Amino acid sequence: MSNNVTLIGNLVEDPELRFTPSGVAMAKIRLAVNRRWRGQDGEWQEDTSFFGGTLWREQAEQAAESLQKGTRVIVSGRLEQRSWETPEGDKRSVVEVQI
């Protein structure tokens with residue numbers, strides 16, 4: 001089984017380029033994906049979802065150099081869930097796209 005997804009949206013901020021301790025480039029991105037549909041009353045409705053993603057190596061460096069807030073992008077990758085606990089003891093979870 002596979003959990004691949006393709007999302008089309010706009011970057012909500014510039015890619016954030018960082019490097020791992022071993023020197024591997026990684027870039028974090030966040031995008032807004034709009035969904036539009038016609039409701040039962042015939043009126044158009046719209047919903048926006050926000051997704052985070054991570055790019056690696058050359059792809060990360062290219063994204064940081066060429067993409068900026070507002071850029072329309074097509075992102076394909078696999079979904080990955082991450083969980084953690086805050087210093088206050090609150091449990092958090094997020095689903096991200098590994099590109």
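**Charge, fold and nonpolar core of the predicted model**

The protein chain carries 13 positive and 15 negative side chains, and the centres of these two sets are 3 Å apart. The structure is a predicted model. The accessible surface of the chain amounts to about 7200 Å², and carbon and sulfur atoms make up 46% of that area. Of the 99 residues, 26% count as buried.

The secondary structure consists of one helix and six strands, arranged along the sequence as β-β-β-β-α-β-β. The radius of gyration is 16 Å, well over the 13 Å given by the globule rule for 99 residues, so the protein chain is more spread out than a compact globule. Taken along the principal axes, the C-alpha atoms fill a box of roughly 55 × 40 × 30 Å. Among contacts with a separation of 6 or more, 49% join residues 24 or more positions apart.

In soluble globular proteins, nonpolar side chains tend to be buried together. In this model, the largest nonpolar core comprises 13 residues, of which Ile-29, Leu-31, Leu-55 and Val-75 touch the most other members. Two or more core residues come from each of strand 1 (4-11), strand 3 (25-38), helix 1 (57-66) and strand 5 (72-85). Strand 3 supplies the largest share, with five residues.

The surroundings of Leu-55 were examined further. Apart from its neighbours within four places in sequence, Leu-55 is in contact with Ala-25, Met-26, Ala-27 and Ile-29. Its other contacts of this kind are Ala-60, Ala-63 and Ile-99.

Definitions and conventions. Residues are numbered from 1 along each chain as its sequence is written. This is a predicted model: local features need pLDDT of at least 70, side-chain atom pairs count only at pLDDT 80 or more; totals for chains, interfaces and linings use all residues. Side-chain values use heavy atoms; hydrogens and water are left out. A nonpolar core is a set of buried Ala, Val, Leu, Ile, Met, Phe, Trp, Tyr and Cys residues joined through side-chain atoms within 4.5 Å. Buried means under 20% relative accessible area, exposed over 50%, partly exposed in between (1.4 Å probe, protein chains only). Helices (H or I, at least four residues) and strands (E, at least two) are DSSP runs, numbered from the N terminus. Contact means heavy atoms within 4.5 Å. The radius of gyration is taken over C-alpha atoms; the globule rule is 2.2 Å times the number of residues to the power 0.38. Accessible areas come from the Shrake-Rupley method with a 1.4 Å probe; for residues, only the protein chains shown count as cover. Lys and Arg count as positive and Asp and Glu as negative; His and the chain ends are not counted. The place of a charge is taken as NZ of Lys, CZ of Arg, CG of Asp or CD of Glu.
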